[in-house]
Number of protein chains: 2
Amino acid sequence: MSSNLNNRRWVLVNYPESMPEERDFRLDSSLKVPELKEGEILVQASYLSVDPYMRGRISPTKGYTPGVELEGLMPAGGVGEIIESRADQFESGDKVALENFGWQEYAVVEADMAHKVDTDLAPIQSYLSYMGMPGLTAYFGLFDVASAKPGDCVAVSAASGAVGQVVGQLAKAHGCRVVAIASSGKKIDWCKEIGYDAGINYRKVENLSDEIKAVCPDGVDVYFDNTGGPINDAIMENLNLNARIAVCGVISLADKVGKPDIGPRYLRQILIARARIQGFLVFDYIDRYPEAREHLGKLISDGEFKFKEDVSDGIESMASSFIQLLNSENFGKKLIKI
Amino acid sequence: MSSNLNNRRWVLVNYPESMPEERDFRLDSSLKVPELKEGEILVQASYLSVDPYMRGRISPTKGYTPGVELEGLMPAGGVGEIIESRADQFESGDKVALENFGWQEYAVVEADMAHKVDTDLAPIQSYLSYMGMPGLTAYFGLFDVASAKPGDCVAVSAASGAVGQVVGQLAKAHGCRVVAIASSGKKIDWCKEIGYDAGINYRKVENLSDEIKAVCPDGVDVYFDNTGGPINDAIMENLNLNARIAVCGVISLADKVGKPDIGPRYLRQILIARARIQGFLVFDYIDRYPEAREHLGKLISDGEFKFKEDVSDGIESMASSFIQLLNSENFGKKLIKI
């Protein structure tokens, strides 16, 4: 039985007040994989996903979902192989994705928490990126929340990230002009390689608002906001009439969870531009996933689609990789190969 | 000929840096009514409208429309009687409304700038309030921008104002629970008389956010924002899931035109609540005015509709009335009887 397996797992030991540090987590080796109950499966991780939303889970403040408890397992999406099944719909060897695998090497879950992935269509780890939540997030944020239309000037923050890479390629294929905002020249170069028309390295410009004005002289029609903070500010100063802003993430506020974010407000600009700002969460679109998957599938099978991953090795690297991500030090979709 | 008539008119003499003062305007008596050209009409004002949007026009900063020039006539909607016509579609004695009458006793305009009003259906001055722009603004803001649904908890700032009175009665008739926010106990009493379910005098509460929480324990579904500022802040701390905020006016920022508004920002709350914030301008809905007029006409002919006006006498009172309005010292739709 698999229940003799050691299962290394990261638990939360402290709610960080500002930017998390590695000591806020502990790699725990004390637990073995539990014995399966009827209807459960045991999955061995191939890849785990590192995502900005995790920052919101390690705050005692109310978020989308209940936060992680102290000594609780950190959440993460994951893909892997079933090594034991007590459920009819799966057998050993099946490749599956789990929306919540956890920061651990093995997961035991009820079978309906897993869904099979097709590794002939795309590599297994892509189900954590463009074939998974980030891809779906890009699709609904761009087309549904931000109502992107051909001809729009579309700005994207964290443009070389998991979501941003997909947004850029979806928008470009839709006939938009696409502007990447990212934190290094290398990232901007990559964005241009995958189809972005222009790019701004926000760490190298004196005045981001002026720079956006230069690149988007008629103003920004759509802003896909993965960051909040100063990039959002600079966009708000450059809204075109009827601009739409899809608020997907606020990673730049990572050191301000539970604290007010003080700065310039833009209600007058929103009124003058008759702009729309809308927060969204991909899970609200679950009924429409098939539509999004079909659209993404076409984009990918057209053969032009490109995607960069940033892979670290081993469960040990999970906490440091998460902190890297919060500091924009990753380049591409952050994954941990187990 | 009418061109011997003296025409008293208010001109702008100074761009106010913060809250306007009476000395920023001058009542000018030096001009006579000009002679009519072919196609023009001369209208004698019965009522002029005083509205918050005027604050935005007396700033050198970009707004919806070009600002007023120094020594230029201040803008205002007005209703009155035609006393001379050189246009086929009108004759002397016709009652008309002008979207831009100006702060003056007489207006000479091209005939197609005027439209006849039916004073059998509603009193002439109502075409400056519930039968005019404020009524249309209430309709499109509530139903189109904020997508109000039966059962929603709808909060309205400046609830006893020209727009707010209509919003409250439209929302109540639509099956919403309606909460008035206003600046005095008297105003709140009036709001309850016209159908608001609850009211908050924001000048008398210690913590507005807590008060809103008490009155809207499940959070605010719709906020019709006529003010911006601290009331907006308190609402942002009480958003229900999928809340919609229609930004109609930012009168509380009247002393900050052209200057940044610094304070707490709410991007994280927008994300967590998946809320939508949208600025709008009634003129964008011009193609749908008939639909709105029909809806408002039904509400009014049902016989339950109530509306309070705050009328000052004489062109002399125009500037002081405008400043009163900016300080929330009016009670009801502010009008000047000429």
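Which strands and which helix make a right-handed β-α-β unit in chain A? Hold on to that for a moment, and hello everyone.

First, some housekeeping. This is a predicted model, in which local features need pLDDT of at least 70, side-chain atom pairs count only at pLDDT 80 or more, and totals for chains, interfaces and linings use all residues. Residues are numbered from 1 along each chain as its sequence is written, while chains are lettered from A and ligands numbered from 1 in the order in which they are written.

How does the model score? It has an ipTM of 0.88 and a pTM of 0.90. For chain A the average pLDDT is 93, and 97% of the residues score at least 70; pLDDT is the predictor's confidence in each residue, from 0 to 100.

Back to the opening question. The unit is made by E11(A), helix H6 (residues 229-236) of chain A and E12(A). Right-handed here means that, with the strands pointing away from the viewer, the path from the first strand over the helix to the second runs clockwise. The H and E names are DSSP runs numbered from the N terminus, helices (H or I) having at least four residues and strands (E) at least two.

Let's stay with strand E11 of chain A, residues 220-225. Is it buried or exposed? Here 6 of the 6 residues are buried, so the strand is largely enclosed by the rest of the structure. A residue is called buried if 20 or more other C-beta atoms lie within 10 Å of its own, exposed if 12 or fewer, and partly exposed in between, with C-beta atoms placed from the backbone.

E11(A) has company. Strand E8 (residues 153-157) of chain A pairs with E11(A) in the parallel sense over 3 bridges; two strands pair if DSSP finds at least two bridges between them. Strand E12 (residues 239-247) of chain A also runs parallel to E11(A), joined by 5 bridges. You can follow a path across: Val154(A) has Val222(A) as its bridge partner in E11(A), and Val222(A) in turn has Arg244(A) as a partner in E12(A). Further along, Phe224(A) stands opposite Ala246(A) in E12(A).

Now zoom out. These strands belong to an open sheet of 12 strands with mixed pairing, in the order E10(A)-E9(A)-E8(A)-E11(A)-E12(A)-E14(A)-E14(B)-E12(B)-E11(B)-E8(B)-E9(B)-E10(B). Strand E10 (198-201) of chain A and strand E10 (198-201) of chain B stand at the edges with a single partner strand each, so one side of each has no neighbour in the sheet. On average, neighbouring strands of this sheet are turned by 15° against each other, direction ignored; the axes are lines fitted to C-alpha atoms, for helices over the stretch in contact, and angles run from 0 to 180 degrees between N-to-C directions.

Where do the two chains join within that sheet? Strand E14 (residues 276-279) of chain A pairs with E14(B) in the antiparallel sense over 3 bridges. Ile277(A) stands opposite Ile277(B) there.

Beyond the strands, 28 residues of chain B are in contact with 28 residues of chain A, contact meaning that the C-beta atoms, placed from the backbone, lie within 7 Å. On the chain B side, strand E13 (261-265), helix H7 (267-273) and strand E14 (276-279) are the elements that give two or more residues. H7(B) gives the most, with 6 residues.

Next, helix H2 of chain A, residues 133-145. Since 11 of the 13 residues are buried, the helix is largely enclosed by the rest of the structure. Among the buried ones are Leu136(A), Tyr139(A) and Phe140(A). Their cover includes helix H3 (162-173), helix H8 (289-301) and strand E16 (333-337) of chain A.

Just after H2(A) comes Ser147(A), with a positive phi of about 45°. Ser147(A) sits in the loop between H2 and E8 of chain A and counts as partly exposed, with 15 C-beta neighbours inside 10 Å. Glu71(A) also has a positive phi, about 70°, although it is not a glycine. Glu71(A) is exposed, with 10 other C-beta atoms within 10 Å.

One last residue: Ile336(A), in strand E16 of chain A. Ile336(A) counts as buried, with 25 C-beta neighbours inside 10 Å. Leaving aside neighbours within four places in sequence, its contacts include Tyr47(A), Leu48(A) and Ile315(A).

Thanks for listening!

Terms used. Two residues are in contact if their C-beta atoms, placed from the backbone, lie within 7 Å.
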